[in-house]
Amino acid sequence: MAIGGMVVSNVGRNYEGSGLNAFVVVTCLVAAMGGLIFGYDLGISGGVTSMEPFLERFFPSVYRKMNDETIHQNEYCKFDSELLTLFTSSLYLAALAASFVASVITRSFGRKVSMLIGGVVFFIGSILNGAAANIEMLIIGRLLLGIGVGFANQSVPLYLSEMAPAKMRGALNIGFQMAITIGILVANFVNYGTAQIKGGWGWRVSLGLAAVPAVMLTVGAMFLPDTPNSILERGNHEEAKRMLQRVRDAVNVDDEFQDLVDACEASKKIQNPWKNILLPQYRPQLTICILVPFFQQLTGINVIMFYAPVLFKTLGFGDNASLISSAITGVVNVLATIVSIVSVDRFGRRVLFLEGGTQMIISQIAVAVLIALNFGVSGEGVLTKPEADLLLVLICAYVAAFAWSWGPLGWLVPSEICPLEIRSAAQAINVSVNMFFTFIIAQVFLSMLCHMKFGLFFFFAGFVIIMTVFIYFFLPETKNIPIEEMNRVWKAHWFWGKYIPDEAVIGGPTTKSTTTTDHGDDYNKPANNVV
């Protein structure tokens, strides 16, 4: 036992053939393309809603207010429109609902089927959006995009966590977040290019090109194998063992396969995972799967990601300058995610969470102060060139901190901590909470900016303080722990251990595991090394 939320214990086992091989890398790269559809949409929607031809056609009231030079312009409120925010946020409401259906399909038919469905539905939605003739067609297309995102976000993180060996699970799972950031970056450059198209139809190209990542995911999913866990869950032991041998590039996988069988047998005893996940023994996993995605959205990151062009334009950047600034933050997002891939299995999840949280707090407070000094509460003012450059640097520092902490880890941690019997249900909760609060933030952000003004950034900074404290005390380190042995981590935790019965831990009680490894003493290590 140790101070606060940190415990040092010896847990986890080394399985034969638990290294990385080309087959695992290729399958994980293909599966991670599910993040492209989510990322492309995050990046494209904000850029499109800052294009005047798009606003003039579908949101004329916003267009008129933005160009009316006869009224005093409150910069905070120039884009405030419930219909405009509905265009952005409707996707996330559909993704929320779809995640529950995807949970059943993922458990019953496998992870790759959910990915395939997600790609096909997203493709249809992108075609509708690109050809939209009225607001109704636009919203229906967004809803279909949301269903596609819900299915992909439900299945891809699970697939990656189950295919990856324990020592590389963090890096391979973050491939999903990497694909999201690449999607955002590509969307930023697409928006910049299509904004230059004469004739006012560039927005159609931006929206229609969402079909490209959808095709990539759909085709990729057709050729992907399913995970050994998923095959075993559906009752095919021999096929599951053959797949595990191929994934681990080893003939002798008896130890790991037996752990998978034990987990599967426990899973089959659970008739209703939605009911059982409410049992006390799953309290740690349920809490993390609710609070981590909740906190992830309350960092305020989606304010930057899908409203970046609008935000920069609101703060006085010109049309092209706002799109270029968004592209710069997109590049930072990708580079910082690479930092996470390199470091997550070396330094662990907690270190990235805590450092990233601290950096985000400082950046957001600085952004709020800079905006307050220039625009005050009236919303009237301008940024000088040096001030605009400083604002961009601060936002990039914030984006970088998120991209190597809460961005990838918000998907990684919930997908790796749950036993098989509740894994699909828990991932559905993770996705639905994420999408629900993404929807809320998307729907109310422009109105909040109008009414809270620069205080909005203090609001998000306050939540980052709360979530950083939560991580320090209540999230144990999970790096290098085999996914089916994760209950050892919870059993050894100072707070969560009381919820985990001894029989829920593979191999028995966990006070001191008889199986020590070169990585066992890394988990739950305190940030200050005080034990």
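A pocket, in this tour, is an open set of grid points where a 1.4 Å probe fits, with protein on both sides within 12 Å along at least five of seven lines. The model on screen is a predicted one, and the stops below go from its pockets to a helix pair, a buried helix and two loop residues.

**Stop one: the second largest pocket.** Select Cys28, Leu29, Ala171, Leu172 and Gly175, which are, of the 15 residues that line the second largest pocket, the closest to its centre. About 270 Å³ of space lies in this pocket. Two elements, helix H1 (22-32) and helix H8 (169-194), each give two or more residues to the lining of the second largest pocket, and the largest share, six residues, comes from H8. If you colour the lining of this pocket by class, you should find 14 nonpolar residues and one polar residue, with no charged residues.

**Stop two: the largest pocket.** Next select Ala266, Glu421, Asn487, Glu503 and Ala504, which lie nearest the centre of the largest pocket among the 22 residues that line it. The elements that give two or more residues to this lining are helix H13 (254-268) and helix H21 (420-452), and H13 gives the most, with three residues. The space in the largest pocket comes to about 410 Å³. By class, the lining of the largest pocket divides into 14 nonpolar, three polar and five charged residues.

**Stop three: H2 against H8.** Return to H8 and add helix H2 (residues 34-48) to the selection. Two packed helices are described by the angle between their axes and the distance between the axes. For H2 and H8 the angle is about 35°, and the axes are 6 Å apart; the crossing of H2 past H8 is right-handed. To display the contact, show side chains on both helices: from H2 the participants include Gly35, Phe38, Gly39, Leu42, Gly43 and Gly47, and from H8 they include Phe176, Ala179, Gly183, Ala187 and Asn191. Taken by class, the contact of H2 with H8 has 14 nonpolar and eight polar residues, and no charged residues.

**Stop four: Val413 and its helix.** Now select helix H20 (residues 406-416), where Val413 lies. H20 is mostly covered, with 11 of its 11 residues buried; among them are Trp406, Trp411, Val413 and Glu416. Is Val413 itself buried or exposed? Val413 counts as buried because its relative accessibility is 1%, and the cut-off for that word is under 20%. Leaving aside neighbours within four places in sequence, Val413 is in contact with Ile288, Arg349, Phe353 and Leu475, so these four can be shown together with Val413 around the chosen residue. A distance worth drawing is the one from the C-alpha atom of Val413 to that of Gly170, which is 8.6 Å although the two residues are 243 residues apart along the chain.

**Stop five: two positive phi values.** Finish with Asp249, in the loop between helix H12 (237-248) and H13, and with Asn480, in the loop between helix H22 (455-474) and helix H23 (487-492). Asp249 has a positive phi, near 55°, in a residue other than glycine, and Asn480, which is not a glycine, has a positive phi of about 65°. Which way does each fall when its relative accessibility is considered, buried or exposed? Asp249 is exposed, because its relative accessible area is 62% and the cut-off for exposed is over 50%, whereas Asn480, at 7% relative accessibility, counts as buried.

Terms used: Residues are numbered from 1 along each chain as its sequence is written. This is a predicted model: local features need pLDDT of at least 70, side-chain atom pairs count only at pLDDT 80 or more; totals for chains, interfaces and linings use all residues. Side-chain values use heavy atoms; hydrogens and water are left out. On a 1 Å grid over the protein atoms alone, a cavity is a set of points where a 1.4 Å probe fits but cannot get out, and a pocket is an open set with protein on both sides within 12 Å along at least five of seven lines; lining residues have an atom within 4 Å of a point. Grid points are joined across faces, edges and corners, and a volume is the space filled by probe spheres set on the points. Helices (H or I, at least four residues) and strands (E, at least two) are DSSP runs, numbered from the N terminus. Ala, Val, Leu, Ile, Met, Phe, Trp, Tyr, Cys and Pro count as nonpolar, Asp, Glu, Lys and Arg as charged, and the others, Gly among them, as polar. Axes are lines fitted to C-alpha atoms, for helices over the stretch in contact, and angles run from 0 to 180 degrees between N-to-C directions. A crossing is left-handed if the near helix is turned anticlockwise from the far one by less than a right angle, and right-handed if clockwise. Contact means heavy atoms within 4.5 Å. Buried means under 20% relative accessible area, exposed over 50%, partly exposed in between (1.4 Å probe, protein chains only).
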